[in-house]
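Reader: Got a minute for this model? Show me the structure, then let's talk.

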Amino acid sequence: MKDAPLPPIGRSNTALVLHDMQNDFIKASLSRPEMQAGVKRTKALIDLARSLPVPVIYTRVESDPAMTFPPERASYLRRSGPPICVKGSAGAEVIDELKPAAGDYVITKVRSSAFHETKFETLLRVKGIWILVVAGGSTNWGVEWLARDAKSRDIVTVALRDCTYSATPEAQAASLANIDDFLGYVMTSGEVVEMLKR
């Protein structure tokens, strides 16, 4: 955040969060060089976190027919087009390049927020985690949402400039600015790696 000291990112208080890196969201864009580079940096960060060890937490959204919107409100709440990340489908799974490993944590959600009616907050409290280093996307939707929900719980978010993405450069820049100005911090994966290696 502006005019605030850098957060004390370390092995005892920090988790790496992979936000919604699912096939339906990004598989089609993996052919783009910038997305390939972001995934490669993210994979290196995951490998480092596991080796230290720092907890690696995956969030994934599932469209669950049993958890749909109330019928009288559905048309006002549901996004247009066919459902994505449908429970049990390949589209709902984390991309092959970044699959969770044994010992990682997976938070499955039925709404956009990783905190809404999940065990995410309990996991952070039990592990003593109050700094979230976040990769994934989209920044202007889920990552910024995560940062807002985290701040309301006195949890610090560090969004990774070079490991997050949005549909457009303008949306990415605006959301990173919001996070950096009001909600948390924006850093590069290299800066975080240096802090974790200390």
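**Thr42 and the sheet**

Author: The side chain of Thr42 comes within 2.8 Å of the backbone oxygen of Gly38. That is a polar contact: N or O atoms within 3.5 Å, one able to donate a hydrogen and the other to accept it, with residues adjacent in sequence counted only if both atoms are side-chain atoms.

Reader: What kind of model is it, and what's filtered?
Author: It is predicted; local features need pLDDT of at least 70, side-chain atom pairs need 80 or more, and totals for chains, interfaces and linings use all residues. Residues count from 1 along each chain as its sequence is written, and side-chain values use heavy atoms, without hydrogens or water.

Reader: Is Thr42 buried or exposed?
Author: Buried, because its relative accessibility is 2%. The cut-offs are under 20% for buried and over 50% for exposed, partly exposed in between, with a 1.4 Å probe and protein chains only.

Reader: Where does Thr42 sit?
Author: In helix 2, residues 33–51. Helices (H or I, at least four residues) and strands (E, at least two) are DSSP runs numbered from the N terminus.

Reader: Which residues does Thr42 contact, beyond four places in sequence?
Author: Leu18, Leu98, Ala135 and Cys163. Contact means heavy atoms within 4.5 Å.

Reader: Now the sheet. What's the strand order?
Author: 3-2-1-4-5-6, open, with parallel pairing. Strands 3 (105–109) and 6 (185–187) are at the edges; each has a single partner strand, so one side lacks a neighbour in the sheet.

Reader: How many bridges join strand 5 and strand 6?
Author: Three, in the parallel sense. Pairing takes at least two DSSP bridges. Val158 has Tyr185 in strand 6 as its bridge partner.
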